[in-house]
Structures are given as C-alpha cells and as structure tokens.
Amino acid sequence: MSKASVRHEGTCNGVRRRDLIRVGGLTAFGLGLGDYLRHQRLWAANDNTVQKAKSCILVWLDGGPSHLETFDPKPEAPLEVRGPLGSISTAIPGIRFSECLPKTAAAMNQIAIVRSMTSPLGEHNFGTHYLMTGYKPTPVLEYPAYGAVVSQLHRGSGVLPCNIAVPTFNVGGSRLTGGGYLPAATRPFSVGGDPSKADFAVRDLDFFQGLDLTRLDRRRQFVAALNAFEEGKTQDQNHTSDPDLERAYQLIASEDAKRAFQLSEEPAAVRKEYGGKTIGQSCLLARRLVERGVPFVTVNDRGWDTHEKLQVRLKDGFAGAKVDVGLVPSLDHALSALITDLEQRAMLDETLVVVMGEFGRTPKLNTRGGRDHWPRVFSVLMAGGGVAGGQVIGSSDAVGESPLDRPVTPSDLAATIYTLLGIDPKEEFHTDDGRPVRISPYEAEPVSELIA
Amino acid sequence: MFIWWMLFVAVLPVESNADVDFDHDVMPVLTKAGCNTGACHGAAIGRGGLKLSLYGSDPVADYRAIALELKGRRVNLLEPEQSLVLMKPTEAMEHGGGFRLDPESEAAARLRQWIQAGAERHNLELRPKFSRLEVSPSSVVIRHPDQRLNLKAIAHFSDGSVRNVTRQTVFIAEDPVAVEIDSKTAEVRVLRGGRHVVIARYLSQVKPVEIILPFRGSSVKVSTDEQKQVFDQKHFIDRAVNDLLATLGIPISGDAGDDVFLRRVTLNLTGRLPDAEMRQAFLADDESKRRIDLVDRLLNSDEFTEYWTLQLAKLLRIHAQPGNEIGTQRYHEWLQRQIAENVGYDVIAKKILTAKGDTHQVGPANFYRTVSGAREQAEFTSELFMGTRLRCANCHDHPLDQWTQDDYHGLASVFAKIRSGQNVEASDNGQVIHPKTGKNARPRIPGVKFVDASDQPLTTFANWLVADQNPYFARAIVNRLWKSMMGRGLVEPADDLRATNPATHPKLLKKLADDFVEHGFDLRHTLRLIAASSAYARSSDSISGNESDVRYYSHRIGQLMEPEVLADAISDVLGISEPYGDKPLGTRAVMLVNPQTESATLDALGRCARKDSCEVPVSLTGTGGLTLKLHLFNGPILNQRIAGGNGRLSRLIAEGKTNEAIVEEYYRVALSRPVTEIEQRFWSQQLKETNGERRSLLEDFVWSLLTCKEFVTNH
C-alpha cells in the first residue's frame, strides 16, 4: 500500500518546497494528497471572503476556573453561592464581572463572553480533551487540539513552530499530547522555563561550545542518511525522516526566529503593563510570536483547580498579601494588557484571543471554602479575530448551576473557533489508516452571534 | 361518582399489567432514554431538581425520587398521562433534556402501564431477581460490509427464567465511525474493517460484544520465513496471534533475524545493548537453540535482576519522600532481592500488602508511604495489583464496570486501619466515611463481600488478591509483562482492565494468566514464554497490507527506549559514564533508586517521577519532539562527552584505527550488527578528511549514530 503523503511547503514544520510530495512510507503524515489540495483551496477561498483571524492565542486556565469568580458573578445569590468576592460593572451596562477583573471589565467593548458553556465531563483529563479538541474523549482515537489542526493546515512562512505552548503544554493532568491522530510534528512546542524570570531563555537555541551551523547541518544530514538506510532506502541526504530534528535545525539556524523569544527586547513599560506573573509575561511572549507569524499559541496558566480557600487562591495570592496577586488579578493584568497591546498594534482584528479552562466550579462553596468541578455550566471569553465584542452569549441560572438559555457545547465552541480561523469545521482529515474524521463533530454548530 | 367510574374504566383494561415492575420494566426505559446519564439526571446532584442514580445503579433511591417525591406530580395515579415522568421526556411539557421518548413507543406504553397499575415497586424478596445479562452473539466475524447483524439481549433471573430485553438494552459502539447501530432494532452495520467493540447496557450490567470485519482485499500470506525451528510452532501465543491475524486478513511479516533478535531480547530482559562477547557466544551456539539459550542466559543474569527491579519499582512508584531516603533504599534492596531469588509475584505482593514495622528497616513497609490517605491507597493498590481503576467509584458507582461506592470506600476502609509514619502499624481508629450514608464505611473485598473489622480485613484482602482464582491479579501483571516485551498491552491502558475494555486477544490473556498461576506466579517463566514465540521474533518491517496494524502484532511494534535505558546505552557507546547526582561515577541509570536523583539528561529524556502512575510515558506527552531534538543538537547530553577526551573515540583514534575500523566498531556497539557494504562505502566517502578535521567528522558521525532511529528504538 503505497500512498501519497504530503509535506508542507517551507513552513512551520521546517520542510522545504521540494519535499512537498513524496510517495511511500511516510506514514507519520496522516493527510492524503487530496485532502491537502482541498484544504489549500479552502483556506484560499476563505481569505477572500470574510476577514478572519490569522492567529489565535488560547489562554488556558488549567484546572478549571470558577465562572462565579470571573465572568459570571452572582451578586444577588445567597452567600454560599455568591462566594467571597464582589462584582463590578463593565464598560457595557448590565454586564458584571468579578471585582478582581477591573481592567478586563473596562475592555468589555472588545470582549464576548459565553456564559452558557455546558459539558458532561467533570474530570480534568476528559474535560481538557473535550474543550481542547471539540470531541469527547474515546478509547478509539485521540483527537488533535486546536493548535495541531491549525499547524497541519497552515502555510505560513518562517521557521518558528506553528503551534507553541508557553511555558509548557502540561494541561489537564498531562495525558493530552495535543497532536492527536495528526503527525507528531503538529504537537505544541513547549518553550519551557518561566517567562517572568529575568534569565528566561528557550533552552538549546545557541550552539554548544565548539559547534557551528556547518557541523549541525552535517549531523542532520548524517542522521537522515542513517534513517534512510534503516528504512531500506537508498541513501538520500534530503530524506527527512525525522521532522522534529529538521525543525530543530531550522530554528537554530535562524537568528531572526530566535529573537522572537527575547522578551528582553520589549520596553520595560510594556513588560510592566502585562504584570510580573508568569501568565503576564507568557501573554507578552505570545504576542511576540503571533506578531512573527506563529498561528497558534497556548498560554498555559496552571493552578485553577481551586478546591479550597477561594479568597486566597483567586484574589490575595497568599495570606496577608497587601496587593492582590492571586490568579484572577494576575489574569486581569495579563489579559487586558494583551488586548490593548494587540489593538494598539492593529493586530487585534486578526488575532483571536480565547480564555477558558476545562470546566467551571460548583455553585455552592464546599466546606473548605473552595469550589469543586462543575462542567454543567461555565464561561468562555473571546476577543479579537472577528469576534463581535461587547456582548454576552447565553446565560446561566440564578445560582450558576445550569445554562438558562442558548446552551453552547465545547463542540460548538470548536466549530466557532475554527470558523473564525478560516477553517471549515465540516472538512475531513484522514487518519493513518484511512479513517475520515471531521475537524469538528457532526453535531457541532458555530455560534453565529459570536462572529462579527 | 362519574369520576370514579372513569377511573375504573381506565384501570380495568390494564389489570393484566399488574406485573409491570419498577426495577425490571421502568428502570431499563429510563436508562435506554438516557435519563440517568452523567450529563442528565444521573449527575451527582441531579438535574432540574430530579436526581437519579448514575445508569440506574440504585433503584431504591430512583423509585423514591420518581414515585414518592413531589407526590402526584412525577407520577399521577389519577391521570397517568399527566405524570411528569411521561410528559417531560415526550416533550408534552417543556423539558431541558429535550425529546427523549416517543409517546407512541412501546417504552412509553410500558411507563404508562406501570403508572396505571399503581406505580409500584415490587417486593424483590418475593420476586425473581435479575442476575445476569447475556448478549448474543458475544463475538462474531462478519464476512461482508453489507451483511447485517442483529444483536440480542437476554436477561436471566434468579428463578431461571429469561426475558428478551433487546429493546430495553442500550448498545453503544466504541467507534461510531466504524459501527452503526439502530437504537430501536439493535441492527448493526459494520462500515470499516477491523476488530470493533460494542458495549451493551441493561440495568446495572454491561457486556462487550466483539465484531470483526476482515480488512478488504487482503488475502493472508503467511510468512515463509519459518526456518527457525528452535521455537515450538504450536506455541499457544502464536496460535492466538496468528489466528486473529488470519481472521482479520492481515498478512504477517517475516522473522527479524538473529542480530535484531539478540539486540531486542537483550534490551527487553536486561535494559542493555548486547556486547561483542554476547554476540560471539550467541552466534557460536547451535542454530537450533541459540535463541532460547540466550533467553535463559539473560534471565539468569544480574543485569536482568537490576533491570526488572527498575520495572517493578516503576510499577510500585518507589520514590523517596523527603527524609525517607533510607526507607526507599531498603525498599529497593528488598525488591531487588525478591527478583534475584525469583520469589513468586504472589508472595511479593502479599509481603508488600502485609508489611509492618520500621520503614527504615523493613523495606516493603514503605509501600504504605508511597501515597498518602486511605482512599489514595485503595486507588493505587487497585491500579497496581488489579489493573483496575477503582477511583471512579469514589463519587458514584463505576458506570462502565462493576465497581460500586461500597467497593471503593470498603477497600479504603481496609487501609484506613494502617498508620504510616516511619513506623507502619495497625491502628484501631482509622475510618473512612461513606459519602452515601455519612457513616463509617465497612471494610470490603471489592466486588466480593464485606469483612468484619475483627476479621483482619487487610490479611483477608491480601489472601483474596493473590489467590489462584483471583480474576485480576495475574491478568494485570501478565498484561504488563506482555506490554513490556511486545510494545503494546493486550489491554490498553494497562491499568484499565474491565469487561467493557476487552483485550485484543481475550483468550490469550486468560491463557497467559492461567499459565502464570500454574507456574507459581513466576515472572521469568512468562517472560521466557513470550520471548520464545514467533510473534516476539517478528521483523519490525511492515509488508504490503500490514503497514497500519499497530495492535495485532503482524509486525514488531517498535519501542522507544526508556529514558534510563537510553541514557545507559549512550554512555556505553561513548565509553564515558554519565554522572548522576552524588552517586559514584559509573552508576548506571537503571540502578538509581530514587527517580529524583539529579540528572539533566534523564529529565531531558523524560523520566517518570513515579509520584503518579508511570503508565503513560512522559516522553509521549511532555517535552519530547522538538524540545528534545534541540537539546540533542545544542545541549550537553551528547555533545559534552563526544568532545570529551577519554572515551571510545579518543581511544580508537589513539590506537591508530582507520575510519573503516572505527565505523565498524561503532555499528557493532550501537546498532549491534555489522556495517553493510553500502553503509561502509557511504561513510568512507563522508569521512574523507579535507583539512585536518578528522576528529570533528568522526564526532559528527558518532552524534548522528546516537540520534538515529535505529539506535534509539528497540525494534
């Protein structure tokens, strides 16, 4: 069974144009030629019609953020539902946020909130799979997360990876590879380290002592030859049987690409605006990356699994803090700075910002002053990238327990995100063994109100 | 008067329906309509004010919820049609869950009859009890995609009576793209070739159905490469594996050849690459028995003990708690002794479970310091020794397995009586609260029986676990041994054994487990058995028609070397040891007791910290891919020692060896085979020095050898 497999031209995956079509053996690449060409047309067609997002920054609040302490407060509800935090008005009359989100509230004109997200999956790994892929998990197949789908279809230029996670893609209990059934090269590249630290740098981008590009080039060609021998092929130094090695080489070889990771190039005032926490500087790095053509960046903020002490975890940051440095104020800094910065650079229209986690939290406080997992209703924030801002879609009931109207499933959300990114959610990929799989599930409906 | 007459008329015709019972007639309707799923009323706090047990596991509570709460609203005896339980799912009234039940359907009629007959729950003591679900066929091979298959579900009752419950049974295909099921008629269409699983659910029971459709257009070509007579062709492993391949119509790749076999089995059994002496002895041996002789030599080596101690240490999640490095050391030493002395796995497990005393003295007692909390201990123990995930049954009965909350909290209660500080000892006051009753949970052997607190629950549990007849213990470990040798478990994930996640080869798994028990729970015996099969010795090269097979063993599934094994192999090839924390130089990575031992190399390769299960390799999820490749290019992992002055390369150069001789040696050490003529020609071309850069050319050669696929995999 020899089949045509496909490489992307000169791209995030670091493969050159002449490798575009190669027959036989490359089963690591799941797409058939037909799919590839169809997607190319599809992408091109969409470019001409509606202004769509060119890139996406997903701010992932890992662990499941409380909808009641962020974008869906219930100031009228009894204390055990209302929780310890107050609420404030936003730039749009009648829409209220948590008291810890004043800067984001001021940017409400750019923002849309879906308050009626609903899912049946209240376990971290399952919920993360559902929210990050639009598919409920099954033992048969792991589905690709958004970034991998974008990476698979992208035809950008440059050598930066198409799918980058800041600082790491360690999400939802870390069972998710992010690539699903798509080739391993579409998985997110984790930059590692902590962008908020002064010595932050992506590891291993600079030459080891005594090495230079000529030698790395030779090494990569030797590996290609060895792999070709192993696969029983005649020696062919252009044979790239190790796409990750190829991508690594291209990245190391490009001074320009490496500068994308230099946060120190940013003026101090800008760095300060994003806030000193990891999430803030990660968002800043994300902006630098999309500015240089990276189509998908996941900013992974961990620690939202707040089963106890909401006041401390979400607001104060630590007991006796003088300034609020908890999860929500840190998010407020990062998110508002990101939206403002993108807007000032005229990038907001082409950059979709999505903020979410794997589920919400229980309407009633538990005995430890925390909230447990609650997938039945929760909120997602979207901004930029063709999203109609200044609105709330759907609502939850009086205590934030169930959707009151316009329920939106993670599958619907996936279809919406793909549509905004100019990808038809009804299109199909084929897995290695020829199974057709739609980009979003059959029943997924884009939320049309969200699309400007 | 008039009203009474109406009622009389309404009731009269259904007198014969007095037999309609809540448990046996109404519950299946609710399950089939999806009312009690986790997304709807089966959620932990219910939905829209109505709470049902998940998939109907608690009929008593469900009866109370439907028939007694909101009396006269959910079931309206006077006007059955006005019952919420009918109006909501048929959407005669607004329903958050939408339209679930056709009012004209047989299921709706049954609900109606039940209400008309008085909405009763019969006294089950007096009535036959539902005992078992039988689904036929339970396993079937379909010959053609157009062939239709009708599934049939039969419920068996305690009095021996049976009832066709096909219409009340929910059938779910694990892969809806491959298998289509008509929810009304249970007619199945198979759309894709392969082995598929359908789960049938009736009342609280679930049963798997296996449906096989051979791949299209393939005809079985059995390998002609059967020259290796060493191995018994009637090996039961090969019978099982080849039978399924033949049924599926997947052709089988040939034998891997002696060199590959030597490398493969040495890696699998000792975590090392074979050295020159081993290869010599192997090839000098009589061809008819050289492989099995090799397997026996390896099984009896110290290296086997070291490597398999690591394997079990990963399973046992042995890692040092702060301040307990001594205990961890003792635990590891103890484990190593058990492996060295070939102690039966049943004895090992029992010693671990019943260990008491000072953890700084008694190695296995550290088992109780691995995780903290009785519930966590129950989850860990069930995953480790039973290969099952009891943890779902913490908050509700396991929806896809037999486990109940009683089982979960009962097993936790068994462990609650153990106090684990530096001293592990029995205590009288440890308790676990059962969330349903709010009272102390009763100690329980999961799925079997309650044990009185006075009856030494822990010993009872340990005895039950390691008994010959235990359905989980042997299967869980042989599945893991198989996975370690073959690259994939017969059941995946290996810690999720349950009826609804059947093995790819169910009979083979059972036979392996039975054989393991018959041979005294001897780990070496089962490893030897697997190593002696033709399936194990198969080439990793695919042939036309089996390229996409990754689960039926038509060709070898390549395994990435584990981080510890790869690190050691790199050191061996370079001839320079890698330092690990404050351990003496020369300590091998597989011998490290503590997975927290400082090592940037092992971190980069993605070692398991053993704080949670090591079932999912870190390299697959975390930092693999691009990150690792950047590190190989520019990190110290290879570069530091390749450029170093006292390794293999420096020695060979100093000895005045030619490039040819150097290439030859590296091929033998790293790839465990001679270099081919074509390869040698390629390298002599590439390594031709131009301006005195011989050393850097050779360094680049060594680097690429340690990075290429053939080196980093066990293939």
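Select I57(A) and V353(A): I57(A) stands opposite V353(A) in strand β10(A). The model is predicted, so local features need pLDDT of at least 70 and side-chain atom pairs count only at pLDDT 80 or more, while totals for chains, interfaces and linings use all residues. Residues are numbered from 1 along each chain as its sequence is written, and chains are lettered from A and ligands numbered from 1 in the order in which they are written.

**Strand β3 of chain A**

Extend the selection to residues 55-61 of chain A, which form β3(A). Strands here are DSSP runs of E with at least two residues, helices are runs of H or I with at least four, and both are numbered from the N terminus. Add residues 351-356, β10(A), which pairs with β3(A) in the parallel sense over 6 bridges; pairing requires that DSSP finds at least two bridges between two strands. Then add residues 296-301, β9(A), joined to β3(A) by 6 bridges and also running parallel. On that side, L58(A) has T298(A) as its bridge partner.

Now show the side chains of β3(A). S55(A), I57(A), V59(A) and L61(A) point one way, C56(A), L58(A) and W60(A) the other, and all are buried. A residue is buried if 20 or more other C-beta atoms lie within 10 Å of its own, exposed if 12 or fewer, and partly exposed in between, with C-beta atoms placed from the backbone. Because 7 of the 7 residues of β3(A) are buried, the strand is largely enclosed by the rest of the structure.

**Chain A as a whole**

Zoom out to chain A, with 13 helices and 18 strands. Of its 452 residues, 56% count as buried. Among contacts in chain A with a separation of 6 or more, 71% are between residues 24 or more positions apart; a contact means C-beta atoms, placed from the backbone, within 7 Å.

**The side of chain B that touches chain A**

Select the 41 residues of chain B in contact with 46 residues of chain A. Helices that each supply at least two residues of this side of chain B include α21 (618-621), α23 (636-642) and α27 (694-707). The largest share, 8 residues, comes from α22(B). Coloured by class, this side of chain B has 15 nonpolar, 17 polar and 9 charged residues. Ala, Val, Leu, Ile, Met, Phe, Trp, Tyr, Cys and Pro count as nonpolar, Asp, Glu, Lys and Arg as charged, and the others, Gly among them, as polar.

**Helix α12 of chain B**

Finish at residues 345-353 of chain B, helix α12(B), where Y345(B), D346(B), I348(B), A349(B), I352(B) and L353(B) are buried. They lie on the same side of α12(B), because they cover an arc of only 160° around the axis, taken from the directions from the helix axis to the C-beta atoms. Show α11 (325-340), α13 (374-386), α15 (457-466), α16 (473-486) and α18 (523-531) of chain B, against which the buried residues of α12(B) pack.

Conventions. Two residues are in contact if their C-beta atoms, placed from the backbone, lie within 7 Å.
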